[in-house]
Every structure is written in structure tokens, then in C-alpha cells.
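Let's take a walk through this one, starting from the overall layout and then stopping at a few residues along the way. Keep the viewer open as you read.

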Amino acid sequence: MIRTCLPICALALMFGCASRASDIDVDANPQQPRITVDTYTLVVEDMPAFLAPIMRDALVGALAARGATEVADGGDVEFRLVFTQLSLLAGELPPSDRSESTLSPEETTRFVPRVELLVRVRGTATPQRIGAISRVHSVSAGVYMHPRASIAIRHAFDVLLAGFLASAD
């Protein structure tokens, strides 16, 4: 039960404490060619139920700002948001951790949730990686997600799409 509950509680903080856009790491694929998208479909994979609408809304907003419209099927491309999580041991730091700090006594775990953004152009079989957004989290009991994180998440998607998505205008 604790093994199941801990990752779920930790996920609740994925981007919750990210109140500034700089709190979220953006890892763009430099080889992804720039394309124009008028219409798209969106698939969310392996994402916790509470987090899916937050990520979906942020990406849809970033795409709409670039003139792209979500459709039920048959879009120019299919975007796919894929969630993964890296659990860290006490004192372990991922290479992108800006804080370079270890866990404080009241923190119980440290992890890095990551959302990959993939794109598959209609008529092709293989999706291509656009990039990912992630954030290191330290979790302590009684800490909950902050609603303002959606602004930072949206900004992270804007940054991620800037080098990939040409304006449809």
C-alpha cells in the first residue's frame, strides 16, 4: 500500500510547486524539423488522472497560440504526451538538478516526473520526439499541489514548441 501510495502522492506535486517558468526544465530535441500544423489530435499516455487535464490544457493552449486546432480525428499530426517518473535515492541528484541539494529531514523522497512530447505526422508510422518537460521534486508529508503551476507548465510548453512549431498563419 505504501509503495503504491507514495508514487501517487509524489505525482501530485509534479509541477505543483513550480510557480516560475524557470522551475521547469525544458529539453527540446534539436534535430526535430520545424513544421506547420493546422489541425492535430492529442493522446495522453501513462499519466496520472489528476495530472492529465493540467498537462492537456497547457499543451492545447500553447498549440492554440500558434494557430493549431485540436480535432477528434484526422488531424495533420498526432501529439502524444507520455508520462514517466524517475525515483531518486536520498542524496542522489539528477544531472539537471539546479538545486544541488539533498533531502531535508522532513522530506521523504525525491523524484523527477517527466512528460515527453512526441509527434507523428499523418501517414507516417513512427512518432518523433519533440522534447520533454521535467522538474525535480522533494516530497514531505502534508504538501499539496499549488494551482498556479499550470502557468509555469504552459510556459514550458511554449518554450518547447518555439523551435519546433511554425505559425500556421
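**A stroll through the fold**

Start with a pair of helices: H2 passes H3 in a right-handed crossing. Bear in mind that what you are looking at is a predicted model.

Let's stay with that pair for a moment. Two packed helices are described by the angle between their axes and the distance between the axes. Here, the axes of H2 (residues 52–64) and H3 (residues 149–162) cross at roughly 45° and come within 9 Å. An angle like that makes H2 oblique to H3. So who does the touching? From H2, the residues that meet H3 are Ile54, Met55, Ala58, Leu59, Gly61, Ala62 and Leu63, and on the H3 side they find Ser150, Ile153, Arg154, Phe157, Asp158 and Leu161. By character, the residues of this contact split into nine nonpolar, two polar and two charged.

Now zoom out. How many helices and strands does the protein have? There are three helices and nine strands. Read from the N terminus, the elements go α-β-β-β-α-β-β-β-β-β-α-β. Of the 169 residues in the protein, 41% are buried. The contacts reach far along the chain: among those with a separation of 6 or more, 81% join residues 24 or more positions apart. As for the outside, the accessible surface comes to about 8,800 Å², and carbon and sulfur atoms own 56% of that.

Back to H2, and to one of the residues in that helix contact. Leu63 sits in H2 and counts as buried, because its relative accessibility is 0%. Beyond its neighbours within four places in sequence, Leu63 is in contact with Tyr40, Ala68, Phe79, Leu161 and Leu165. Leu161 is a name you have already met, on the H3 side of the helix pair. Leu63 also has a partner to look for in space: Thr39 is 24 residues away in sequence, with a C-alpha to C-alpha distance of 9.6 Å.

Step back along the chain from H2 and you get to the loop between S3 and H2, where Leu51 is found. Is Leu51 buried or exposed? Leu51 is buried, since its relative accessible area is 0%. Its C-alpha atom is 9.6 Å from that of Phe83, and the two residues are 32 apart along the chain. Asp46 lies in the loop between S3 and H2 too, but its relative accessible area of 60% makes it exposed. Asp46 has a backbone quirk as well: its phi is positive, about 55°, although it is not a glycine. For context, most residues other than glycine have a negative phi.

Next comes strand S3 (residues 39–45), which is where you'll find Val44. Val44 is partly exposed, as its relative accessible area is 30%. Setting aside residues up to four places away in sequence, Val44 touches Ala52 and Leu81. The C-alpha atoms of Val44 and Val82 are separated by 6.2 Å, with their positions 38 residues apart along the chain.

Thr41 is in S3 as well, and with 14% relative accessibility it counts as buried. Residues up to four places away aside, Thr41 touches Val71, Ala72, Asp73, Gly74, Gly75, Val77, Glu78 and Phe79.

One name on that list, Val77, deserves its own stop. Val77 lies in strand S5 (residues 77–88), and it is buried because its relative accessible area is 4%. Which residues does Val77 contact, leaving aside its neighbours within four places in sequence? They are Ile35, Val37, Thr39, Tyr40, Thr41, Val119, Arg120, Val121 and Arg122. Gly123 is 46 residues from Val77 in sequence, while their C-alpha atoms are 8.9 Å apart.

Val119 from that list leads to the last stop, Gln32. Gln32 has its place in the loop between strand S1 (25–28) and strand S2 (35–36). Is this glutamine buried or exposed? Gln32 counts as buried, because its relative accessibility is 10% and the cut-off for buried is under 20%. Its contacts outside the four-place window are Val119, Gln128, Arg129, Ile130 and Phe164.

Conventions. Residues numbered from 1 in each chain as written. Predicted model: local features only at pLDDT ≥ 70, side-chain atom pairs only at ≥ 80, totals over all residues. Heavy atoms only, no water. Axes fitted to C-alpha atoms, helices over the stretch in contact; angles between N-to-C directions. Helix = DSSP H or I, 4+ residues; strand = E, 2+ residues; numbered from the N terminus. Parallel < 35°, antiparallel > 145°, perpendicular 65-115°, else oblique. Left-handed = near helix turned anticlockwise from the far one by under 90°. Contact = heavy atoms within 4.5 Å. Nonpolar A, V, L, I, M, F, W, Y, C, P; charged D, E, K, R; others polar. Buried < 20%, exposed > 50% of the residue type's maximum accessible area, 1.4 Å probe, protein only. Areas by Shrake-Rupley, 256 points an atom, 1.4 Å probe, with all protein chains shown as cover.
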